[in-house]
There are 2 protein chains.
Amino acid sequence: MHEIGFIRDLALVMLVAGATTILFQRLRQPVLLGYILAGVLIGPHTPGMLVADAQAIDDISNLGVVLLMFTLGLEFSVRKLREVGIGVLLVAVLEVGLMLWVGTGMGRAFGWKGIDALFLGAIIALSSTMVATRTLKDTGKQAEPFAKLVIGLLVAEDVLAIVMLTLLTALAVGGSVHAGTAFAVIGHLGLFVVVGMILGLLLLPRLVDYVAGFGRDETLLVSVLGICFGASLLAAQMGFSVALGAFIAGAVVAEARSVGRVLHLVEPLRDMFAALFFVAIGLKIDPAMLWQYALPALLIACVVVVGKTLACSFGILALGHDARAALRSGLGMAQIGEFSFVIATLGLSLHVTSDFLYPIAVAVSVLCMAASPYLNRSSDRVADGLARIVPRPLHVLLDSYSGWLENLGPVNENAALAAMFRRLLWHIAINVLLVVTLFVIGAYVNAHGWDWFSRFGIQRDLRHALIWACALFLSLPMLIAVYRKAEALGMLLAELGIRERYTGAYTHAIRKVLARMIPLATLFALALLVGALGSAILPPRGVALSLLVALVVLAVVLWRTLVKLHARLQAALKETLDKPEPPAPEHSP
Amino acid sequence: MHEIGFIRDLALVMLVAGATTILFQRLRQPVLLGYILAGVLIGPHTPGMLVADAQAIDDISNLGVVLLMFTLGLEFSVRKLREVGIGVLLVAVLEVGLMLWVGTGMGRAFGWKGIDALFLGAIIALSSTMVATRTLKDTGKQAEPFAKLVIGLLVAEDVLAIVMLTLLTALAVGGSVHAGTAFAVIGHLGLFVVVGMILGLLLLPRLVDYVAGFGRDETLLVSVLGICFGASLLAAQMGFSVALGAFIAGAVVAEARSVGRVLHLVEPLRDMFAALFFVAIGLKIDPAMLWQYALPALLIACVVVVGKTLACSFGILALGHDARAALRSGLGMAQIGEFSFVIATLGLSLHVTSDFLYPIAVAVSVLCMAASPYLNRSSDRVADGLARIVPRPLHVLLDSYSGWLENLGPVNENAALAAMFRRLLWHIAINVLLVVTLFVIGAYVNAHGWDWFSRFGIQRDLRHALIWACALFLSLPMLIAVYRKAEALGMLLAELGIRERYTGAYTHAIRKVLARMIPLATLFALALLVGALGSAILPPRGVALSLLVALVVLAVVLWRTLVKLHARLQAALKETLDKPEPPAPEHSP
């Protein structure tokens with residue numbers, strides 16, 4: 001009987017996971033490590049303790065990935081990303097890039113084929129959020145200032161992981177990646193993420209808070225899971241990974257007022273499926289293969305620990321933090337984990353990587369996980385040791401460097417102007433992106449909704465005209481917003497750029513011209529963009545022209561209404577993002 | 001790609017469940033009903049909204065059954081069963097028996113084959129704990145006195161459901177059930193339940209509290225799930241349903257001090273999988289078939305509502321409660337639910353019932369679930385109406401009946417003696433059961449451990465002698481306990497049965513004889529039982545005799561140690577059961 005087989009396997013896995021979690025908790029070792037080892041122990045390659053249907057367990061652990069990414073998203077939140085700061089993001093990019101390069105180089109040096117080497121680079125590039133945060137918690141250091149840096153780096157790496165996953169998928173499916181394809185993929189991804197985020201932020205936190213108002217945990221949980229899986233489904237339909245959809249859904253729901261309750265409800269699910277996920281990783285491993293590749297695995301693990309520690313430490317140091325915090329952060333990041341498995345599984349399931357890569361990834365992560373608590377506990381001693389070794393002049397240099405950095409920040413007035421400038425550009429970019437999205441959706445509807453239109457007797461030209469008109473009229477508020485922001489930008493630039501002492505009496509006139517030219521140029525650029533985007537669905541010239549005229553008339557007539565509408569949407573978004581920090585989730589005693 | 005297919009289906013189901021839960025919560029309808037209807041809507045029989053791989057969803061929903069039964073067990077607890085009282089248990093037995101009989105009769109009247117009719121009886125016999133408790137909660141009546149009666153009836157029905165599931169499985173596999181087989185099955189079941197409970201109560205609550213002491217929710221959750229699935233696995237290995245194992249595990253873990261935290265952690269899992277379980281039920285339904293069998297389904301639903309209401313109301317009335325409470329309890333029980341699906345699925349998966357039975361079961365339960373809130377809300381009006389209709393003499397009769405019942409209870413002194421008597425008998429029964437278990441396990445090891453023994457060069461006779469000796473020596477504490485309790489029983493009976501006024505001077509002598517005879521008779525009966533049970537593993541006569549002699553010597557020598565050992569075990573069990581009521585689980589705001 002299939003059913004009993006499935007439940008039997010699951011029961012076996014869960015039983016072993018339960019025993020392991022108690023044992024490893026007792027031994028004060030990372031529980032994730034225990035799960036993986038337990039998986040190896042009961043796996044199909046170990047005689048006697050056979051798990052029959054690894055496929056079913058695999059399905060369940062895929063479910064685990066979705067829930068894992070969703071909770072990572074819940075703990076991520078857009079606000080946290082903004083708090084991380086551009087500096088930490090930069091460190092993460094450099095560090096991940098470095099590890100990717102080192103990993104690929106190592107793979108080549110081992111004589112592996114190109115794609116194996118590249119996947120190795122990706123596998124060792126990303127630290128494990130689960131291991132790092134747990135180690136912080138277990139060693140009681142989560143409240144120390146450096147913990148914030150680690151969390152910041154992890155959040156930044158999450159974003160990079162999503163980019164990397166998407167690129168690797170495109171690469172594995174397409175065979176190779178040209179710069180153009182990569183750009184298109186990243187563009188697509190960016191569009192999906194930003195649009196998903198904005199629409200999500202407008203709708204979902206309100207929906208979640210509304211449902212939370214019913215006061216029933218079951219309803220809240222099931223609807224939040226509906227959102228999580230719905231977003232995964234959408235991402236999969238658009239050609240991205242389900243993990244991405246779940247992550248974005250989590251990050252969006254994290255802005256709801258009731259995120260504490262949601263997290264509290266989702267955590268048990270995450271814990272159960274994380275256990276299944278890590279045991280399933282072990283299940284796929286043949287111990288004999290581990291033994292065979294022990295040497296490269298050991299080597300790679302050393303490179304991960306040393307490379308990640310050095311890269312992160314130097315990066316944090318360069319940001320102006322003191323040497324001790326830098327070293328501690330570096331050691332906190334010195335491991336790989338769940339993303340490595342997701343990437344290794346991707347390579348396996350798309351049949352592009354060799355069979356040995358997966359066990360190596362597991363072996364390396366197991367070694368790093370095992371080392372992680374010791375590295376973290378010894379960080380103070382290592383820091384003290386280094387402080388004694390490092391010559392005095394270097395100390396002085398470091399101190400003066402961080403002092404110099406502190407003085408480097410922009411001066412008050414300029415800072416305010418720069419912030420205003422940044423905000424205007426940011427608003428214009430988002431609105432342009434929304435317009436682009438509308439036309440992309442229009443093109444998609446045009447291409448895929450063929451049957452549907454012809455069923456209503458709508459022919460090609462009429463269809464084009466309809467879709468084009470819809471896209472155009474829906475983007476009207478955004479177009480007006482872009483115009484207004486561009487106007488403000490022009491005025492700002494005129495004020496800043498044309499100083500009275502150079503232009504004398506003409507100042508006012510020149511400023512006026514500049515202030516007009518910028519919005520007009522923006523509108524022109526926008527028109528070109530819309531024309532290019534809409535080329536697939538452009539109706540016959542006459543229709544298009546009359547539609548454009550109608551649009552302009554409408555814009556003039558409804559100007560104030562549309563400005564108000566856009567302002568209301570923007571205010572709703574701002575309100576969601578700027579609400580006070582939600583209370584920490586309650587924990588049972 | 002299989003993985004995406006699975007996640008896609010699951011995502012679709014979860015998305016629909018999420019939307020449904022919000023909608024039905026808003027409409028103030030039972031959410032379970034919504035899940036089922038949503039399942040029908042996206043099922044493979046509805047064009048357009050196809051769920052591809054119903055098997056995978058089925059696997060997941062089987063997982064749901066395990067978690068559902070586990071949480072039912074957690075909320076059940078041995079203490080609650082003791083509080084239910086023998087009266088309510090009796091009402092449940094009569095009511096379930098009546099419905100079983102009525103259902104079977106109806107099936108026959110429809111001209112169905114015998115086993116279909118029997119399954120119909122079983123399907124309509126058991127009320128839905130989930131629906132009934134939720135309806136109580138939603139109508140705000142959970143604190144009223146009659147709610148306790150409903151909960152008691154539901155708990156009692158849970159026990160009957162387990163018996164029924166086991167019997168139906170035996171019947172479906174064996175084709176028919178003779179009285180002997182039924183007796184053997186119930187005996188087996190009783191043995192498994194009681195032994196599982198006792199061993200579980202000795203070990204598991206302590207283990208759970210120990211793990212809870214780590215203070216990490218993840219560890220607690222995963223190990224509790226390990227226990228739940230481990231028990232399911234054990235039950236499946238012994239030939240029972242996984243549901244039974246999960247239920248017992250829940251009832252046992254419910255005695256842990258930290259049950260509040262456990263329940264809090266498991267509830268989100270239960271909610272998620274319950275949603276999947278009920279949607280999966282809908283998925284299996286072809287709406288066309290529902291339409292075809294609409295008439296019998298409607299008829300059966302009416303019989304369920306009227307029959308259950310009347311049977312429960314009269315039962316509760318007969319226990320001496322007032323008419324209003326009786327009617328409310330009856331209306332609270334007037335629906336069928338999760339057990340009906342489990343039973344219907346059993347019939348389907350064992351290929352013994354006809355295809356139409358499952359949709360009918362679903363249709364009937366949907367109708368009952370839809371009616372449930374209205375029935376509950378109208379219970380006061382119905383009670384008032386009935387009170388006006390019922391003639392005065394009947395009122396008086398009812399009042400005097402409940403007054404008479406109150407006076408019926410045993411008088412003080414006799415009550416204390418009767419309680420002592422009952423406790424002694426109970427202790428003897430449990431110890432005998434444990435001895436029986438040891439020999440059954442011995443026989444099992446003898447039958448299945450063949451290879452293992454011969455690997456060590458142990459031949460048949462030696463094997464028998466070894467196992468028999470083990471079973472005998474391990475049962476020594478229990479045997480001594482039985483002897484001591486029987487002695488006490490003999491003394492009690494002697495005191496009670498032989499009154500001085502009848503026997504005069506001989507009183508003391510006769511009492512002494514009686515007090516000795518009872519333990520000796522018990523020991524003799526026990527020896528016969530052990531001989532019969534151990535016949536499969538009885539070593540050659542000489543060996544057996546010498547072992548027996550050794551046993552007696554050992555018993556005499558170690559008497560005090562063994563008595564202490566047994567007392568300690570018994571105290572541990574008692575402590576687990578008699579601990580103060582755990583604090584109510586905390587709920588997030």
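Which residues of H10(A) are buried? I took this up as the opening entry on a model that is predicted, and I list the buried residues of H10(A) as Val242(A), Ala243(A), Leu244(A), Gly245(A), Ala246(A), Phe247(A), Ile248(A), Ala249(A), Gly250(A), Ala251(A), Val252(A) and Val253(A). I note that H10(A) is mostly covered, with 12 of its 12 residues buried. I then checked the length of helix H10 (residues 242-253) of chain A: at 1.5 Å a residue its 12 residues should span 16 Å, and the end C-alpha atoms are 16 Å apart, so the two values agree.

**Confidence**

I looked up the confidence values before going further, and found a mean pLDDT of 79 for chain A, with 86% of its residues reaching 70 or more. Over residues 581-589 of chain A the pLDDT is below 50, and I record that this stretch has 13 contacts in the model beyond near neighbours in sequence. For the complex, the predictor gives an ipTM of 0.73 and a pTM of 0.74.

**Chain A as a whole**

I find 25 helices and zero strands in chain A. Of the 589 residues in chain A, buried residues make up 46%. Among the contacts in chain A with a separation of 6 or more, 79% are accounted for by residues 24 or more positions apart.

**Met130(A)**

I next turned to Met130(A), which lies in helix H6 (residues 129-138) of chain A. Is Met130(A) buried or exposed? I count Met130(A) as buried, because 24 other C-beta atoms lie within 10 Å, where the cut-off for a buried residue is 20 or more. Leaving aside neighbours within four places in sequence, I see Met130(A) in contact with Leu32(A), Gly337(A) and Glu338(A). I also looked up the separation between the C-alpha atoms of Met130(A) and Glu75(A), which is 11 Å for residues 55 apart along the chain.

**H16 of chain B**

In chain B I followed helix H16 (residues 357-377), which has 21 residues and reaches 31 Å from its first C-alpha to its last, close to the 30 Å expected at 1.5 Å a residue. Where does H16(B) bend? I place the bend, of about 35°, at Ala371(B), and I note that a proline, Pro373(B), follows within four residues. H16(B) is mostly covered, as 16 of its 21 residues are buried.

**Where the chains touch**

I then examined how the two chains meet, and found 51 residues of chain B in contact with 51 residues of chain A. On the side of chain B that touches chain A, the elements giving two or more residues are helix H1 (2-26), helix H3 (54-76), helix H9 (217-237) and helix H11 (259-283) of chain B. H1(B) gives the most to this side, with 16 residues. Sorted by class, I have 29 nonpolar, 12 polar and 10 charged residues on the side of chain B that touches chain A.

**How the copies are related**

I closed with the superposition, in which chain B can be laid on chain A with an RMSD of 0.1 Å by a turn of 180° and a shift of 0.0 Å along the axis. The two copies are therefore related as by a two-fold rotation axis. In chain B, I find that the C-alpha nearest the axis is that of Leu269(B), 3.0 Å from it. The same surface serves both copies, in that 100% of the contact residues of chain B recur in chain A.

Methods. Residues numbered from 1 in each chain as written. Chains lettered and ligands numbered in written order. Predicted model: local features only at pLDDT ≥ 70, side-chain atom pairs only at ≥ 80, totals over all residues. Contact = placed C-beta atoms within 7 Å. Nonpolar A, V, L, I, M, F, W, Y, C, P; charged D, E, K, R; others polar. Expected span 1.5 Å × (residues − 1). Least-squares fit on C-alpha atoms with pLDDT ≥ 70 in both. Bend = angle between axes of the 7 residues up to and from the residue. pLDDT = per-residue confidence, 0-100.
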